[in-house]
Amino acid sequence: MASQQNIFIRIDDRFIHGQVTTAWTKKFGVTAIWVVNDKMAGNPTLKQLQIMLAPPGVSVAVLKVEEAAEKVKGIKNTEKVLMLFENPVDVLSFLEKSGIKVNSILLGQMGLRAGRVYIEKTFAIGPEDHKALLRLLDMGVKLYYQQLPDFPPKPVDMEQKIRSLKF
């Protein structure tokens with residue numbers, strides 16, 4: 001399994017929004033943003049909206065998980081891609097289908113809904129998300145929570161926190 005040093009994965013159910021366009025793209029120095037979500041990629045209106053939100057000089061692609069898993073295999077070393085996912089289930093599916101390895105995943109925002117519990121201020125998960133996060137940890141992926149790039153990641157042992165959570 002090849003390790004990708006030029007892709008950055010953030011879980012944020014808001015996808016492209018102000019923090020992404022003004023802060024995260026600059027922090028990582030990305031040349032492209034991939035919104036990876038089957039529902040978004042299948043809706044021409046939502047897809048176009050994401051593309052219109054692109055910051056200057058950064059390309060945007062809205063892809064289904066399967067499409068992203070194929071496309072990532074062709075990333076050039078000169079490209080840096082910020083990949084935005086709605087949830088950890090899609091991230092796990094992407095990593096398993098693509099065969100690539102990442103060192104870390106940034107937990108940003110997942111809103112509270114029925115069946116979810118907060119594990120951090122802006123990050124709530126349900127049972128399926130929990131299973132996916134446990135699998136990612138078992139794969140050796142480091143999970144960290146950080147809302148904004150101007151502030152350091154919250155000094156929380158996310159692995160211990162997720163492993164001790166019971167649904």
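Helices (H or I, at least four residues) and strands (E, at least two) are DSSP runs here, numbered from the N terminus. With that in place, Asn43 is easy to find: it sits in the loop between helix H2 (38–41) and H3.

A word on what you're looking at. This is a predicted model, so local features need pLDDT of at least 70 and side-chain atom pairs count only at pLDDT 80 or more, while totals for chains, interfaces and linings use all residues. Residues are numbered from 1 along each chain as its sequence is written, and side-chain values use heavy atoms, with hydrogens and water left out.

**Loop residues and their partners in space**

Asn43 has a relative accessibility of 27%, which counts as partly exposed; buried means under 20% relative accessible area, exposed over 50%, and partly exposed is what lies in between (1.4 Å probe, protein chains only). Between Asn43 and Val62 there are 9.9 Å in space, C-alpha to C-alpha, and 19 residues in sequence.

Ile75 belongs to the loop between helix H4 (65–71) and strand E4 (81–85). With a relative accessible area of 14%, Ile75 is buried. Its C-alpha is 9.0 Å from that of Ile7, and the two are 68 residues apart in sequence.

Leu53 is in the loop between helix H3 (44–52) and strand E3 (59–63), and its relative accessible area of 37% makes it partly exposed. Leu53 and Gly18 are 35 residues apart in sequence, yet 8.8 Å apart in space, C-alpha to C-alpha.

Leu53 turns up again on the surface. Together with Leu46 and Leu49, it makes a nonpolar patch of about 220 Å². Patches are built from residues with over 30% relative accessible area and no salt bridge, joining like charges within 9 Å and nonpolar side chains (Val, Leu, Ile, Met, Phe, Trp, Tyr) within 5 Å. The accessible areas come from the Shrake-Rupley method with a 1.4 Å probe, and for residues only the protein chains shown count as cover.

**A backbone oddity**

Most residues other than glycine have a negative phi. Phe15 goes the other way, with a phi near 55°. You'll find Phe15 in the loop between strand E1 (7–12) and helix H1 (18–28), and at 5% relative accessibility it counts as buried.

**Salt bridges**

How many salt bridges does the structure hold? There are eleven, where a salt bridge is a side-chain nitrogen of Lys or Arg within 4 Å of a carboxyl oxygen of Asp or Glu. Three of the pairs look like this:

| Pair | Closest N to O |
|---|---|
| Arg113 and Asp13 | 3.9 Å |
| Lys73 and Glu70 | 3.2 Å |
| Asp129 and Arg116 | 3.9 Å |

Take Arg113 and Asp13, which form a salt bridge. Arg113 lies in the loop between E5 and strand E6 (117–120) and Asp13 in the loop between E1 and H1, so the pair ties together parts that are 100 residues apart in sequence. Arg113 is partly exposed at 44% relative accessibility, whereas Asp13 is buried at 16%.

Asp129 and Arg116 also form a salt bridge. This pair links distant parts of the chain, with Asp129 in helix H6 (residues 127–138) and Arg116 in the loop between E5 and E6, 13 residues apart. Asp129 is buried, at 8% relative accessibility, and Arg116 is buried too, with a relative accessible area of 16%.

Lys73 and Glu70 meet through their side chains. Lys73 is partly exposed at 48% relative accessibility, and Glu70 is partly exposed at 49%.

There's also a network of salt bridges, and it links Arg10, Asp12 and Arg14.

**The largest pocket**

Rolling a probe the size of a water molecule over the atoms shows where empty space is left. A pocket, on a 1 Å grid over the protein atoms alone, is an open set of points where a 1.4 Å probe fits, with protein on both sides within 12 Å along at least five of seven lines; lining residues have an atom within 4 Å of a point. The volume is the space filled by probe spheres set on the points, with grid points joined across faces, edges and corners.

The largest pocket has a volume of about 170 Å³. Its lining has 14 residues, and Ile7, Phe8, Ile9, Asn103 and Ser104 lie nearest the centre. Which element gives the largest share of that lining? E1 does, with four residues. E1 and strand E5 (104–109) each supply at least two.

By type, the lining divides into nine nonpolar residues, four polar and one charged. Nonpolar covers Ala, Val, Leu, Ile, Met, Phe, Trp, Tyr, Cys and Pro, charged covers Asp, Glu, Lys and Arg, and the others, Gly among them, count as polar.
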